[in-house]
Amino acid sequence: MAKIPEVPFIERMEYIVISIYVLVVFPIIAVSIWAVTRVIKQLFAVQQRRSLPVLLACLFVGGMFFQEKTHIEQLTEWTAKAGFYLVVVYVPLLYVYVWVAEKVKKALQQKP
């Protein structure tokens with residue numbers, strides 16, 4: 001990961017590397033959580049201030065279930081498969097549905 005130089009005033013260089021890594025990961029997590037609370041606000045008319053603590057509690061409790069690396073890898077595989085099917089199956093089906101709905105709507109509007 002990182003070469004560890006010998007620095008007399010710092011016993012462990014990993015602390016600095018981990019701190020910098022947290023600074024890289026935190027904005028990604030923060031934007032994702034903001035997006036989820038925004039979707040909740042749009043769908044259910046719930047203020048973001050109200051949904052944020054509930055979402056954070058759910059993420060905390062959900063994170064406690066993944067103690068072993070194999071569980072995390074299984075979650076990653078499942079998420080990857082779900083995303084693949086979302087893009088490959090859902091998006092084209094949604095396109096066909098909207099296309100057919102527009103055709104039906106135009107046909108119904110043309111009939112007096």
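**A three-helix chain: the α1–α2 loop, helix geometry and selected side chains**

In the predicted model, A45 counts as exposed, because its relative accessibility of 70% is over the 50% cut-off. This residue lies in the loop between α1 and α2. Its phi is near 55°, a positive value in a residue other than glycine. Most residues other than glycine have a negative phi. The positive phi of A45 occurs just after the end of α1.

The protein chain contains three helices and zero strands, and its elements follow the pattern α-α-α along the sequence. Of its 112 residues, 4% count as buried. The mean pLDDT of the protein chain is 89, with 89% of the residues scoring at least 70. Among the elements, α1 has the lowest mean pLDDT, at 91, whereas helix α2 (residues 48-64) has the highest, at 94.

Helix α1 has 31 residues and reaches 43 Å from its first C-alpha to its last, a value close to the 45 Å expected at 1.5 Å a residue. Its path includes a kink of about 25° at V25, shortly before the proline P27. In helix α3, the 42 residues should span 62 Å at 1.5 Å a residue; the end C-alpha atoms are 60 Å apart, and the two values therefore agree. Helix α3 also carries a kink, of about 35°, centred on L86.

Contacts between α1 and α2 can be followed from T37. This residue is placed in helix α1 (residues 14-44) and counts as buried, because its relative accessibility of 3% is under the 20% cut-off. The side chain of T37 reaches the backbone oxygen of W34 at 2.8 Å. A polar contact of 3.1 Å also joins the side chain of T37 to the side chain of Q48. When neighbours within four places in sequence are left aside, T37 is in contact with Q48, S51, L52 and L55.

One of these partners, S51, lies in helix α2. S51 likewise counts as buried, because its relative accessibility is 6%, under the 20% cut-off. Not counting residues up to four places away in sequence, S51 touches T37, I40 and V46. The contact between T37 and S51 thus appears in the list of S51 as well as in that of T37.

The count of salt bridges comes to one. It is formed by K69 and E73, whose closest N and O atoms are 4.0 Å apart. Both residues lie in helix α3 (residues 69-110), where they are four residues apart, about one turn of the helix. An α-helix has 3.6 residues a turn, so residues three or four places apart point the same way. K69 is exposed, because its relative accessible area of 62% is over 50%. E73, by contrast, is partly exposed, because its relative accessible area of 38% falls between the cut-offs of 20% and 50%.

How values were computed
Residues numbered from 1 in each chain as written. Predicted model: local features only at pLDDT ≥ 70, side-chain atom pairs only at ≥ 80, totals over all residues. Heavy atoms only, no water. Salt bridge = Lys/Arg side-chain N within 4 Å of Asp/Glu carboxyl O. Helix = DSSP H or I, 4+ residues; strand = E, 2+ residues; numbered from the N terminus. Buried < 20%, exposed > 50% of the residue type's maximum accessible area, 1.4 Å probe, protein only. Polar contact = N/O pair within 3.5 Å; in protein donor to acceptor, adjacent residues only side chain to side chain. Contact = heavy atoms within 4.5 Å. pLDDT = per-residue confidence, 0-100. Expected span 1.5 Å × (residues − 1). Bend = angle between axes of the 7 residues up to and from the residue.
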